[in-house]
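Welcome! Take a moment to look over the sequence and turn the model around before you read on. The report below walks through a few places worth finding on your screen.

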Amino acid sequence: MADAPTPAHRALEVIIVGAGFGGLAAAIELRRRGFEHVRILEAAPELGGTWFHNDYPGAACDVASHLYSFSYAQRRDWSRLCSPQGEILRYVREVAHDFGVDGLVETGTEVTSCAWDDQGHRWSVATADGRTLRADALVLATGQLHQPSFPRIRGAEAFTGHTFHSARWDHDYDLRGKRVAVIGTGASAVQFVPAIAEQVRRLVVFQRTGNWFMPRRNRPYPRVLKEIIRRVPGVQAFRRRFFFNYCESVTALIRHPATLGRIGQARSALFMRSQLSDPEVRRKAWPDFTFGCKRVLFSSSFLPALQRDNVDLVTDAVAGMAADGVVTSDGTLHEVDCVIYATGFKTNDFMFPMQITGADGRSLREDWAQGAHAHLGITVPGYPSMFVMYGPNTNTSGGSIILYLEAQARYLAQALATVRDRGAAAIDVRPEVEAAADRALQARFPGTAWTRCDSWYRDADAGGRIVANWPGYMREYLAATERLDPDEYELIAR
Ligand code: NAP
């Protein structure tokens, strides 16, 4: 087999940064192709990535687990359509164990910088505890959604109550009987607001922008269905195919806002009307942008929670904080004991603040000053044998990121197998190839719903360029990454 290591080729060493789904997928694929020297550096005390950090009440995936799972590690015992966080974290741990990559993870190891050595043809990886590790190849698997984002709010330091971010939930803080503010109404808030609304004395939800909603009850599977999935051959695979096609149809709604998108919007509006009986809350919660521009939210419990007697939806802008609460632009002080930031992530930062230095001392931060870009979201010219998992333009609004991660893992393993088999030192994507692919990719956005509002998919510092999302269907990304084209790359000789 061409991929098997031979004594003539020095065994390549690979460092993966991040032990979430992406980093683990990369490690599994590299081991599968015979790369033995792989280590995974993880800043957190445990593997799991986003599913380790985001353990807020009600946390769950909103892609069906049959699809939000590796193709090579399918389960027939999911408890419900969209698994809760604990079940997904357990799955990640089990997969890492079953595929023998859990032992490669060095937890509590924060990477501060990675620099390419032009002479030695290797990466130097510096850690926060003062070590420098070296490797032939670097996989950055920190994802797009790992650094909690806090808005700059005037007087925030004056607030004397408790604060935390949804992605770092403070389980030691007892919310029962408290007056709580939630800032933000994205996918995270939508999951935990209904879960905490029953416990707290008063909940004030600060919304900057309303959202489009679709139903999602996500009740535990009835026993009979669980048994059918478990026992009847083909049912699991059929469900996976079904959800794949369902997700592709969501992308179609987003890609064609003037036609198909209107059907999605009408469906969502009907659902929202049925949920929002209070006209005042309905008026406030109603979105004012094209369906699919921001992430469509799947919840059947958030809008009803907003209509509870102990919950207030506030749409006046957050203007500042005082010692005992949040002040809105109309001058009202909303007195609270605790502020929960559900304000998302520094999505445009990708692996930063890690410092990445490529060939000839170039800086990735500077190269990405006009917005992040990478060939197929994976390789960046001038950064030899560096691979990004869940990199620029590989987020999906409709599909399962796990499929993208699997594709990226296969692709980078092919690239490194090419390096190994040809006895090269490293592989670098040709700048003109990356630039042309990027132009073609960006040219697919005009006319889609993604361009019709501001969202975290865009980089405001780069003229609003969409840096997060893949512009097309999952099947297109899978096809584009299936076979690495060696002509698109330059091999760097030893
Ligand atoms: P998000 O979608 O970025 O939402 C952040 C929220 O905070 C938005 O409502 C935003 O308002 C608001 N916000 C930000 N700055 C603000 C400010 N200064 N004042 C008032 N409001 C402010 O973050 P997220 O909810 O954590 O979700 C991030 C992504 O993670 C999702 O899009 C999804 O991809 C993923 N996720 C998935 C799941 C799931 O599968 N179920 C669950 C959670 C998260 P604007 O809308 O006006 O910007």
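## A cluster of rings

A good place to begin is a cluster in which ring pairs link Phe21, Trp51, Tyr68, Phe70, Tyr72, Trp78, Tyr91 and Phe99. Keep in mind that you are looking at a predicted model. Across the structure there are 23 aromatic pairs.

How is a pair of aromatic rings described? The distance of the centres and the angle of the planes are what is given. For Phe21 and Phe70, the centres are 5.4 Å apart and the planes stand at 65°, an edge-to-face pair. Phe21 belongs to helix H1 (residues 21-32), while Phe70 sits in the loop between helix H2 (50-53) and helix H3 (85-98), so this pair ties together parts that are 49 residues apart in sequence. Both Phe21 and Phe70 are buried.

## Another ring pair, and two charges

Now find Phe352 and Trp368, which also form an edge-to-face aromatic pair, with 6.1 Å centre to centre and 65° between the planes. Phe352 lies in the loop between strand E17 (338-341) and E18, and Trp368 in the loop between helix H10 (364-367) and strand E19 (386-388); the pair links these distant parts of the chain, 16 residues apart. Phe352 and Trp368 are both buried.

Rings can have charged company too. Arg32 lies over the face of Tyr72, 4.5 Å from the ring centre. Over the ring of Tyr173 you will find the charged end of Lys178, at 4.7 Å from the centre of that ring.

## A sheet of four strands

Next, look for an open sheet of 4 strands, with mixed pairing and the order E6-E5-E4-E18. Which strands stand at the edges? They are E6 (132-135) and E18 (355-357); each has a single partner strand, so one side of each is left without a neighbour in the sheet. On average, and ignoring direction, neighbouring strands of this sheet are turned by 15° against each other.

Strand E4 (residues 111-117) pairs with E18 in the parallel sense, over 3 bridges. One residue to look up here is Ala115, whose bridge partner in E18 is Thr357.

## An enclosed helix

Helix H4 (residues 187-197) has 9 of its 11 residues buried, so the rest of the structure largely encloses this helix. Among the buried residues of H4 are Ser188, Gln191, Phe192, Pro194 and Ile196.

## Two buried loop residues

Is Val380 buried or exposed? With a relative accessible area of 2%, Val380 is buried. You can find Val380 in the loop between H10 and E19. Leaving out residues up to four places away in sequence, Val380 touches Leu364, Trp368, His373, Ala374, Met386, Asp428 and Val429. Trp368, one of the residues that Val380 touches, is also the ring partner of Phe352. The C-alpha atoms of Val380 and Ala435 are separated by 9.9 Å, and these residues are 55 residues apart along the chain.

Finally, visit Thr448, in the loop between helix H12 (431-442) and strand E21 (458-459). Thr448 is buried, and its relative accessible area is 1%. What does the side chain of Thr448 reach? The answer is the backbone oxygen of Phe445, at 2.6 Å. Not counting neighbours within four places in sequence, Thr448 is in contact with Ile254, Arg255 and Pro257.

Note on methods: Residues are numbered from 1 along each chain as its sequence is written. This is a predicted model: local features need pLDDT of at least 70, side-chain atom pairs count only at pLDDT 80 or more; totals for chains, interfaces and linings use all residues. Side-chain values use heavy atoms; hydrogens and water are left out. Two strands pair if DSSP finds at least two bridges between them. Axes are lines fitted to C-alpha atoms, for helices over the stretch in contact, and angles run from 0 to 180 degrees between N-to-C directions. Rings of Phe, Tyr and Trp (its six-membered ring) pair if their centres lie within 6.5 Å; planes under 30 degrees apart count as stacked, over 60 as edge-to-face and the rest as tilted. Buried means under 20% relative accessible area, exposed over 50%, partly exposed in between (1.4 Å probe, protein chains only). A charge sits over a ring if NZ of Lys or CZ of Arg is within 6 Å of the ring centre and within 35 degrees of the ring normal. A polar contact is a pair of N or O atoms within 3.5 Å; within protein, one must be able to donate a hydrogen and the other to accept it, and residues adjacent in sequence count only if both atoms are side-chain atoms. Contact means heavy atoms within 4.5 Å.
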